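Thank you all for coming; today I would like to walk you slowly through one structure. Please have a look at it first, and then we will go through its interior together.

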Amino acid sequence: MTTLLVSHPAFLEHDTGPHHPERPDRLRAVLAALDDSAFADLARVPAPEASMAALTRVHPQDYVEAILGVRPGPGQRVQIDGDTVMSQGSAEAVVRAAGAAVVAVDAVMQGRAQTAFAAVRPPGHHASPAIPGGFCLLNNVAVAARHAQAQHGASRVAILDFDVHHGQGTQAVVEPDASLFYASTHQYPLYPGTGSARERGVAGNVVNAPLPAGTDGATFRAAWRDRILPALDDFRPDLLIVSAGFDAHAADPLAQLEVETEDFVWLTREFLAIADRHAAGRLISVLEGGYDLDALAESVATHVRTLARG
Ligand SMILES: [Zn+2]
């Protein structure tokens with residue numbers, strides 16, 4: 001069955017400046033890796049702009065309007081916080097990044113695709129409903145989860161986050177709502193400093209597995225196998241959304257986990273098995289971090305090949 005790839009040239013116009021790790025070359029590397037005959041069977045659609053209705057299921061309207069109203073002139077940038085920047089092209093990029101996740105949900109919930117990958121930037125999992133941060137402005141996966149519930153009748157949506165940083169923005173949305181589930185492995189201590197195993201949500205619907213610097217792939221797999229996947233299985237999601245950050249890779253310059261490409265493949269297969277068991281195989285994956293271009297490109301390519309059951 002079909003796997004969908006969603007992206008847009010606007011994501012290259014989010015200009016974070018000459019020395020920023022979250023840079024357009026990341027997406028160029030990802031798209032170059034997916035522009036290969038091995039991926040000829042992917043269905044490809046451009047990312048639409050998310051509607052205000054979709055965005056305001058997660059973010060207050062005045063927050064969305066404030067973010068989308070940041071329109072610096074050509075070549076100029078506005079510093080949103082210590083490490084989050086917007087350029088002239090950023091507003092369109094952020095609204096299409098959320099739109100990519102929304103259209104991916106539409107495709108899998110309507111049965112036009114079984115799985116989907118949204119190759120987007122900026123990432124989203126550090127964006128809380130009214131607080132940007134960590135390179136993130138709108139929370140793409142949270143918008144996607146709420147869209148699945150509001151427009152497609154999904155009753156239980158799980159968000160699985162293997163980015164090396166804890167997705168505190170996503171957790172803030174999930175924590176009070178037992179119809180959502182959030183699980184994360186992440187290096188700890190590390191930015192943003194949240195993600196203790198004691199943070200469990202209103203109904204045990206948050207599962208955090210913090211990992212110390214130097215954690216290898218075997219321990220990373222064990223955290224998912226022993227601590228997270230059984231709780232995910234018990235939750236019985238009818239849609240899986242993956243916050244796919246590849247900065248836990250051993251080659252990544254921003255963190256110190258020792259995860260390898262094959263570990264991401266193993267985890268992707270585990271997600272698909274649970275999607276098959278509870279969700280008719282429905283899974284969408286949305287790019288978050290990953291800052292070593294070669295490791296990112298290779299990891300995304302093998303992740304997407306696995307999603308396509310290749
Ligand atoms: Zn990250």
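**The core and a strand inside**

In this predicted model, the largest nonpolar core is made up of 101 residues, and those with the most contacts inside it are Ala101, Ala104, Ala118, Ala144 and Ile241. Helix H4, which covers residues 90–109, supplies the largest share of this core, namely 15 residues. As a general background, nonpolar side chains in soluble globular proteins tend to be buried together.

Let us take Ala101 as an example: leaving aside residues up to four places away in sequence, Ala101 touches Ala118, Asn140, Val141, Val143, Ala144, Ile284 and Val286.

Now I would like to turn to strand E6, residues 157–161, which is mostly covered, with five of its five residues buried. Which residues of E6 are buried on one side, and which on the other? On one side we find Val157, Ile159 and Asp161, and on the other Ala158 and Leu160, so that both faces of E6 are covered. This pattern fits a general rule, that in a regular strand the side chains alternate between the two faces of the sheet.

What, then, does E6 pair with? Strand E7, residues 180–187, runs parallel to E6 and is joined to it by five bridges, and within E7 the bridge partner of Ala158 is Phe181. Together with helix H6, residues 168–174, these two strands make a right-handed β-α-β unit. Strand E9, residues 239–244, also runs parallel to E6, again with five bridges joining them, and here Leu160 has Val242 as its bridge partner.

Technical notes: Residues numbered from 1 in each chain as written. Predicted model: local features only at pLDDT ≥ 70, side-chain atom pairs only at ≥ 80, totals over all residues. Core = buried A, V, L, I, M, F, W, Y, C linked by C-beta atoms within 7 Å. Buried ≥ 20, exposed ≤ 12 C-beta atoms within 10 Å, placed from the backbone. Helix = DSSP H or I, 4+ residues; strand = E, 2+ residues; numbered from the N terminus. Contact = placed C-beta atoms within 7 Å. Pairing = 2+ DSSP bridges. Right-handed = clockwise from strand over helix to strand, strands pointing away.
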